[in-house]
Each structure stands twice: as C-alpha cells, then as structure tokens.
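Q: I am new to this structure and would be grateful for a close look at a single part of it. Please begin with one residue and the loop that holds it, and then work outward to the surroundings.

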Amino acid sequence: MYSDIFKLISEYDKIVLARHIGVDPDAMASTMALKDSILLTFPSKKVYSVGSGSNRFNYFGKLDKVDDMVGALLIVLDTPDIKRIDGVNLADFSKIVKIDHHPFVEKFGDVEHINDAASSASELVLELINETDLLMDKNIASKLYLGIVSDTNRFMFNNSTGDTFRKVAKLIEDYKLEIDKLYEPLYLRPISEVRLEGYVGLHLELTENGVAYIKLTKEILDEFMVDAASPGNMINNFNYINEAIVWVFFTEDIKNNNIRVSARSRGPVINEVLSHFNGGGHKYASGARLMKMEESDDVILALDKLCLGYKKNMEGDNVEN
Ligand code: AMP
C-alpha cells in the first residue's frame, strides 16, 4: 500500500495535502511533515498544505493558499469522511489518496490506507517515510514526534503499542530530538485557559452513572477571554476522575453557529453514540456538532445510558470471576 502511495507521489508534480476541519496537532503535524518530506525528496514538485489554520499551531509551518488545484494529486490525512475534509473540492483532483487512523466511515480515495489501530496519522506518515524512498530530517522527525505525542496524550491512551514506542525511540535516537524543547510550543498556553480549566473543574456536573459534563456558553467563554476551541484543548486533562468514566464538554461556537461537543471515555465506546448527534471519531475520543445547547441533554442521557450498560457488564464480569 505504501509503495502505491509513493508511486503516486513520484508521478504527480502538483500535490495538495488536506486534513479535517477543526485542526489539531496530529492533523497539522502529519500534513506538514509529509509536505516537508515530499519537498525534501523531490525539491521541484509543488506541494501545498491547505485548510483553515490556528495561530497556536504556527510552529508546524505555514499553510498554503492554492488557486488552482485542478488535475493535482490530493492526499487527505486524518479524516474518515468527506464532510470533515477542510478546504478542498474532491472533484478538482485527478487522483485521491486517503491515509487515516479513524474507524472507517466512507470511501472517497482511489487509494486508501486506513489503520484504526494506529496511534495517529503522524505514525502512519512515519511508516510511509520509513517504508519508501521518502526522506526524513530532524525537522520532519520533530513534527511527527509531536503529532504522535499529542494523539496518544503523551502515550497514555491504549493506542500506543509496543510498535509505537519502538518507532518513536528510533526517531529520538536517529534525529537526536530534544524532547523537552519540542514540548514547549505544544503545551504552552495562555493563563486564560488555565483559569477556564479551574472553572471547568469547579462546575463539572455528574450524572448518576458516571458522565461528567459542562455546558460552556458564549458568556462564560467571554468572561475567561477564550474562544470556542479552548475547552477542547483541555479535555484530556480531565481523565482519571473517580466518579466519571465518560466526560463531555458542550461549547457554544458563535462563529460557526453551533455547539461543539468534545467527549472522552476511559471505558465505554462512545463514538457510536456521538454518531447519532452529527458526530463520530475514535472509540474513546469523539466529537459532534449540535444546532442548539438544549440538545446537549439528549447527548448526556444517551451517554449516561451507555455508562449504565457498561457498568452492569463490568459487574457481571466481576461476579463471574
Ligand atoms: P475533539 O474532541 O474535537 O478533539 O475530537 C475527538 C475526535 O472526534 C477526533 O478524532 C475528531 O476528528 C472527531 N470528531 C470531532 N468532532 C466530530 C464531528 N462533528 N464528526 C465526526 N467526528 C468528529
């Protein structure tokens, strides 16, 4: 599969790299690292990384504006479905490649490499580079390292396998990565977000069966001087609360006129539930978009029911044992 992707990369002079809306470090890292690697290997090719950016990810490199994408090769990373691809019209391209680690949603590529057991899209790009003639340097290795660190939540999720650790160890050794320096741009944040995190901790509500949730309105975001993307940046910090096995943030997004839902789990598989609310994602890290805040109660109810079923199953297992 990787050789097929490399063959396509070799054949096309113009290549566009895209990823999902609501950019995150893995989406950014995987596209920018692949762009850098293609350019390092084939300096005369035109390679563009597109989509809406975020100032906080500027350290991964600059995004490109492309007027004419017709006839180019499109590589979509970290995105399982068409509706979540940012900034391109699939009909413009002569060939499409998908490289993804989300559970399969729909086919849109001529060549699709999907491994939902992989930790991150960055890990897949690392494999692509390792297994083909694409070149790597310290800059590319650094970006891939950050993408993997971010999507595994510093290797705490069970998507970090022995294989992930072996690949990362080799990256660190081969390219002499100074990991403490790399973490700074990834984890540095304004004090306004720390204050919001304090607010979330104080105001998280709990359902009977272990769903912790908070509804963050525009007024609350304004009070803390943060935007609608901020709560999603801190949701992983709310893992390992005794009373919560699922936790979910609802954030009013005035710019996009919807409610952002970010959910995490340390037990029940939640992406199936979120898919009923215009969402999806990974088994234990999912998201959705609602039209109105009132709909959040339905999400909470559905997740609470899921937790109840999960707890009953666990109790059953314990009794049998
Ligand atoms: P987030 O909570 O935004 O970090 O998202 C967690 C995971 O859910 C990521 O893999 C996202 O790609 C996915 N996700 C977030 N929002 C949606 C959505 N509206 N539809 C499908 N997947 C989503």
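**A loop phenylalanine and its surroundings**

A: Phenylalanine 155 belongs to the loop between α4 and α5. The model is a predicted one. In this model the backbone of phenylalanine 155 has a positive phi of about 65°, although the residue is not a glycine. Most residues other than glycine have a negative phi. Tyrosine 240 is another non-glycine residue with a positive phi, of about 60°. That tyrosine is found in the loop between α9 (230-234) and β8 (246-253), and with a relative accessibility of 54% tyrosine 240 counts as exposed.

The side chain of phenylalanine 155 leads to the topic of aromatic rings. The structure holds eight aromatic pairs. In one of them, the ring centres of phenylalanine 155 and phenylalanine 165 are 5.1 Å apart and the ring planes meet at 35°, so this pair is tilted. The angle lies between the limits of 30 and 60 degrees that separate tilted pairs from stacked and edge-to-face ones. Phenylalanine 155 lies in the loop between α4 (138-151) and α5 (162-174), whereas phenylalanine 165 lies in helix α5, so the pair ties together parts that are ten residues apart in sequence. As for its surface, phenylalanine 165 has a relative accessibility of 41% and therefore counts as partly exposed.

A second pair is formed by tyrosine 183 and tyrosine 187, with 6.0 Å from centre to centre and 45° between the planes, and this pair is tilted. Both tyrosines belong to helix α6 (residues 179-187); because they are four residues apart there, about one helical turn separates them. Tyrosine 183, at 23% relative accessibility, counts as partly exposed. Tyrosine 187 also counts as partly exposed, at 31%.

Tyrosine 187 has a further partner: the charged end of arginine 154 sits over its ring, 4.2 Å from the ring centre. Elsewhere, lysine 45 lies over the face of phenylalanine 42, at 4.6 Å from the centre of that ring. Ring pairs also link Phe57, Tyr59 and Phe60 into a cluster.

The loops on either side of helix α6 deserve a look as well. Tyrosine 175 is found in the loop between α5 and α6, and its relative accessibility of 25% makes it partly exposed. Along the chain, tyrosine 175 is 35 residues from isoleucine 140, and the C-alpha atoms of the two are separated by 9.5 Å. Proline 190 occupies the loop between α6 and α7 (191-203). Its relative accessible area is 41%, so proline 190 is partly exposed. Proline 190 and aspartate 86 are 104 residues apart in sequence, and their C-alpha atoms are 27 Å apart in space.

Helix α3 (residues 121-131) offers a view of buried residues. Nine of its eleven residues are buried, so the helix is largely enclosed by the rest of the structure. The buried residues of α3 are Ala121, Ser122, Glu123, Leu124, Val125, Leu126, Glu127, Leu128 and Ile129.

The last stop is the ligand. There, 14 residues surround the ligand, and the closest are Arg84, His102, Ser262, Arg264 and Gly287. Three polar side-chain approaches to the ligand may be described in turn. For arginine 84, a polar side-chain atom lies 3.0 Å from an oxygen atom of the ligand. For serine 262, the corresponding distance to a ligand oxygen atom is 2.6 Å. For histidine 282, a polar side-chain atom lies 3.3 Å from an oxygen atom of the ligand. Taken alone, the ligand exposes 480 Å², and the protein buries 84% of that area. Two or more residues of the shell around the ligand come from each of β9 (258-265), β10 (279-281) and β11 (285-290). Strand β11 gives the largest share of this shell, five residues. By character, the shell residues divide into two nonpolar, nine polar and three charged.

To return to the starting point, phenylalanine 155 is a loop residue between α4 and α5, has a positive phi of about 65°, and forms a tilted ring pair with phenylalanine 165.

Notes: Residues are numbered from 1 along each chain as its sequence is written. This is a predicted model: local features need pLDDT of at least 70, side-chain atom pairs count only at pLDDT 80 or more; totals for chains, interfaces and linings use all residues. Side-chain values use heavy atoms; hydrogens and water are left out. Rings of Phe, Tyr and Trp (its six-membered ring) pair if their centres lie within 6.5 Å; planes under 30 degrees apart count as stacked, over 60 as edge-to-face and the rest as tilted. Buried means under 20% relative accessible area, exposed over 50%, partly exposed in between (1.4 Å probe, protein chains only). A charge sits over a ring if NZ of Lys or CZ of Arg is within 6 Å of the ring centre and within 35 degrees of the ring normal. A residue is near a molecule or strand if one of its heavy atoms lies within 4 Å of it. A polar contact is a pair of N or O atoms within 3.5 Å; within protein, one must be able to donate a hydrogen and the other to accept it, and residues adjacent in sequence count only if both atoms are side-chain atoms. Accessible areas come from the Shrake-Rupley method with a 1.4 Å probe; for residues, only the protein chains shown count as cover. Ala, Val, Leu, Ile, Met, Phe, Trp, Tyr, Cys and Pro count as nonpolar, Asp, Glu, Lys and Arg as charged, and the others, Gly among them, as polar.
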